[in-house]
Amino acid sequence: MNSMAKKNLREFDYIKTAQLDTDMWRAYYGHNFFLLFVLLLRLMRTQFQFSRRLALRAAYYAAIAATNYRLRYGRKTFPVALKNLAKFYLFISRNATEPFDYTKAAELELEWWNIHRYPEEYDKKLSVSLAATMAVVYNGNTKDFLRYGEYRARAMILRDNSKSRPDWEEIDSLLKASWKALHDVAQKG
């Protein structure tokens, strides 16, 4: 068990976090998984103020889940992604001042990944699924996180609809709005 002081997940720099998020998207869609891992490591240090050791472990599980999911299609990848997402969220929950149901967070994360990849198979909206994931992490209500989910979903759809030349400036703007909306709700706690 880590003897490091627990972190308040509600305190983060949403502008730096949003920029790292945009950079991670670019790495993910560019299949630059080493860069994705490095950026995830920075995100863990920036958003959650994790020690290098803890950030390394959390980033490892997030990167394995994302890489596995990105490179393989089909339901057989779900258990591998879910297992690694659960480990990722476990590290966050264990080191948070307000622990949360890390298993549920992992399930909801995988759900929105699937809604994004296979929208025709789901009745639930992507924005609602994104909001539900953060509601679990922040021990809140999904409706309070809907603005976060709506901006983030719009960024995903914009990126998907412009595969050859994504408008990264607009995507970055939407991600900043998303992280600001999340920060605003988190601060109300």
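Visitor: Quick one to start: what is the relative accessibility of Asp184?

Guide: Asp184 comes out at 25%, so it counts as partly exposed. Here buried means under 20% relative accessible area, exposed means over 50%, and partly exposed is anything in between, using a 1.4 Å probe and protein chains only.

Visitor: And what are these values based on?

Guide: This is a predicted model, so local features need pLDDT of at least 70 and side-chain atom pairs count only at pLDDT 80 or more, while totals for chains, interfaces and linings use all residues. Residues are numbered from 1 along each chain as its sequence is written, and side-chain values use heavy atoms, with hydrogens and water left out.

Visitor: Back to Asp184. Which residue does it form a salt bridge with?

Guide: Its partner is Lys180, with the closest N and O atoms 3.0 Å apart. A salt bridge here is a side-chain nitrogen of Lys or Arg within 4 Å of a carboxyl oxygen of Asp or Glu. Lys180 and Asp184 sit 4 residues apart in helix α8, so about one helical turn separates them. Lys180 is partly exposed too, at 35% relative accessibility.

Visitor: How are the helices assigned?

Guide: They're DSSP runs numbered from the N terminus: H or I for helices, at least four residues, and E for strands, at least two.

Visitor: How many salt bridges does the count come to?

Guide: 6 by that rule. One of them joins Arg152 and Asp21, where the closest N and O atoms are 2.5 Å apart. Arg152 lies in helix α7 and Asp21 in helix α1, so this pair ties together parts that are 131 residues apart in sequence.

Visitor: Are Arg152 and Asp21 buried or exposed?

Guide: Both are buried. For a contrast, take the Lys143 and Asp144 side chains, which meet in a salt bridge at 3.6 Å, N to O. Lys143 is exposed at 63% relative accessibility, and Asp144 is partly exposed at 36%.

Visitor: You mentioned α7. Which of its residues are buried?

Guide: Tyr148, Gly149, Arg152, Ala153, Ala155, Met156 and Arg159. They cover an arc of only 155° around the axis, which puts them on the same side of α7. That arc is taken from the directions from the helix axis to the C-beta atoms.

Visitor: What do they pack against?

Guide: α1, α5, α6 and α8, the last being residues 168-188. Contact means heavy atoms within 4.5 Å.

Visitor: What's the salt-bridge situation for Arg159?

Guide: Arg159 has no salt bridge although it is buried; the nearest side chain of opposite charge is Asp160, 4.2 Å away. For charge, Lys and Arg count as positive and Asp and Glu as negative, with His and the chain ends not counted. Leaving out residues up to four places away in sequence, Arg159 touches Trp25, Tyr29, Pro166, Trp168 and Ile171.

Visitor: How far does α7 reach from its first C-alpha to its last?

Guide: 22 Å, over 16 residues (146-161), close to the 22 Å expected. The expected span is 1.5 Å times one less than the number of residues.

Visitor: And what does α3 look like on that score?

Guide: Helix α3 runs over residues 52-71, 20 residues in total, and reaches 27 Å, close to the 28 Å expected. Its buried residues include Leu54, Tyr61, Asn68, Tyr69 and Arg70. The buried residues of α3 pack against α1 (14-29), α2 (33-47), α4 (78-94) and α5 (102-117).

Visitor: Switching to loops: where is Gln49, then?

Guide: In the loop between α2 and α3. Its phi is near 55°, a positive value in a residue other than glycine. Gln49 is partly exposed, at 30% relative accessibility.

Visitor: What about the phi of Asn139?

Guide: Also positive, about 50°, although Asn139 is not a glycine. You'll find Asn139 in the loop between α6 and α7, partly exposed at 44% relative accessibility.

Visitor: Last one: what does the side chain of Thr133 reach?

Guide: The backbone oxygen of Leu108, at 3.4 Å. That falls under polar contacts: N or O pairs within 3.5 Å where, within protein, one atom must be able to donate a hydrogen and the other to accept it, and residues adjacent in sequence count only if both atoms are side-chain atoms. Thr133 sits in helix α6 (residues 126-137) and is buried, with a relative accessible area of 1%. Not counting residues up to four places away in sequence, Thr133 touches Tyr89, Ala105, Leu108, Glu109 and Trp112.
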